[in-house]
Amino acid sequence: MAFVTKKDTGFKTVVKGFLTGGTQAAVTYPTEFVKTQLQLQSKSNPEFNGIIDCFKKTISRHGVGGVYVGAPVRIIGAGFQQMCRWGSYTNLAGIARDKETGKLSAAMTTLCGLGAGITEAVFAVTPVETLKTRVTDDQRRGTGNYKGTADALTKILKSEGPIGLYRGALPTILKQGTNQAVRMPVQVQLVSIICMGDELKKQNPAINGAGGFLAGCISVLLTQPQDCVKSRMQSEAAKELYSGTVDCALKMLRAEGAGAFFAGAVPRCVQVGMANGISFALFPIISNALNKVM
């Protein structure tokens with residue numbers, strides 16, 4: 001992408017990624033909350049009739065703050081997630097660039113995106129998503145196991161150890177690896193089409209954001225099944241219901257049909273598109289600002 005150059009390597013890109021992630025997560029969290037609720041409910045006996053119904057019922061029961069349950073860990077986690085994403089992507093890109101032209105080929109952009117996705121899945125996304133999912137599932141069930149994110153973290157570590165934060169690790173790695181392997185090269189190609197070869201326009205945050213939004217929506221089509229399995233594996237009842245990732249997928253298919261793998265696809269498309277668009281728009285802005293002080 002045009003706003004990531006061969007100079008964008010090292011510790012500075014890690015800081016840029018953290019600030020980018022925290023900001024976009026704060027803006028888009030309510031749609032993430034609704035997406036998770038729709039994925040966790042039973043397809044045969046759904047609690048919510050759709051996105052708007054989920055918003056209405058949650059706010060009527062818990063107030064506006066209800067759609068921000070689990071938000072603190074998500075905001076901080078998104079900071080670490082994009083710290084891993086942009087830090088690994090820019091540094092991998094620095095290694096993979098053509099030595100003579102300094103450019104990154106489409107194949108290398110894809111591979112660097114794949115590496116970035118795997119890195120963020122292992123070090124940030126899996127534990128953060130597990131916490132977020134279990135806190136929101138606890139609220140949905142009304143079981144009252146957790147007072148909040150910090151309480152959930154303490155109790156999970158005490159009762160299950162660190163492994164308790166890594167439920168659904170395999171589908172998460174598959175999802176995030178595919179996400180970034182698709183989003184990075186697709187965003188580059190979309191921006192090139194929009195700008196029609198104008199290099200100056202490629203630096204525009206709004207255009208990069210638009211390309212990021214579309215790339216995020218496209219990636220949802222390829223990763224929604226993995227995301228649904230991940231959410232089920234990270235739910236409160238997962239230990240009793242499923243012996244592993246494959247078992248979870250098979251039981252979902254048998255009990256609820258193929259449609260279960262696309263539950264919450266619309267709010268996720270909105271959330272991912274927004275998050276990706278904001279991320280691609282913010283990163284060059286934050287990058288330029290930090291370059292002046294760091």
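How many salt bridges does the count come to in this structure? The count comes to 20, taking a salt bridge as a side-chain nitrogen of Lys or Arg within 4 Å of a carboxyl oxygen of Asp or Glu.

Hello everyone, and a word on the ground rules before we go on. This is a predicted model, so local features need pLDDT of at least 70 and side-chain atom pairs count only at pLDDT 80 or more, while totals for chains, interfaces and linings use all residues. Residues are numbered from 1 along each chain as its sequence is written, and side-chain values use heavy atoms, with hydrogens and water left out.

Let's stay with the salt bridges. In helix α1, K35 and E32 sit three residues apart, about one turn of the helix; helices here are DSSP runs (H or I, at least four residues), numbered from the N terminus. Their side chains meet in a salt bridge at 3.5 Å, N to O. Both K35 and E32 are buried, where buried means under 20% relative accessible area, exposed means over 50%, and partly exposed is in between (1.4 Å probe, protein chains only).

Helix α7 has a pair with the spacing of about one helical turn too: K230 and D227 are three residues apart. The salt bridge between their side chains has an N to O distance of 3.9 Å. K230 counts as buried, at 0% relative accessibility, and D227 is buried with a relative accessible area of 0%. Now for the bigger picture: salt bridges that share partners join E32, K35, E129, K132, K175, D227, K230 and R268 into one network. Another salt bridge links K202 to E199, with the closest N and O atoms 3.2 Å apart. K202 is buried, with a relative accessible area of 14%.

Next, please find Q234, in the loop between α7 (205–233) and α8 (238–241). Is Q234 buried or exposed? Q234 is buried, because its relative accessible area is 0%. Not counting residues up to four places away in sequence, Q234 touches T126, E129, T130, T133, R134, R167 and T172; contact means heavy atoms within 4.5 Å. E129, by the way, belongs to the salt-bridge network I just showed.

T149 is in helix α5 (residues 149–160). With 16% relative accessibility, T149 counts as buried. Its contacts, leaving aside neighbours within four places in sequence, are G70, V73, L131 and V135.

On to empty space. The structure holds one cavity of 30 Å³ or more, and about 230 Å³ of space lies in the largest cavity. A cavity is a set of points, on a 1 Å grid over the protein atoms alone, where a 1.4 Å probe fits but cannot get out; lining residues have an atom within 4 Å of a point. Grid points are joined across faces, edges and corners, and the volume is the space filled by probe spheres set on them. Of the 20 lining residues, R74, Q81, R183, Q271 and V272 are the closest to the centre. Helices α1 (11–40), α3 (71–96), α4, α6 (169–195) and α10 (265–293) each supply at least two residues of the lining. The largest share, six residues, comes from α10.

Last stop, the surface. L111, L114, I118, V122 and F123 form a nonpolar patch there, with about 450 Å² of accessible area together. Patch residues have over 30% relative accessible area and no salt bridge, and nonpolar side chains (Val, Leu, Ile, Met, Phe, Trp, Tyr) are joined within 5 Å; accessible areas come from the Shrake-Rupley method with a 1.4 Å probe. L111 lies in helix α4 (residues 106–141) and is partly exposed, at 48% relative accessible area. Thanks for listening!

Technical notes. Patch = residues over 30% accessible without salt bridge, like charges linked within 9 Å, V, L, I, M, F, W, Y side chains within 5 Å. 1 Å grid on protein atoms, 1.4 Å probe; cavity = no way out; pocket = protein on both sides within 12 Å on 5 of 7 lines; lining within 4 Å.
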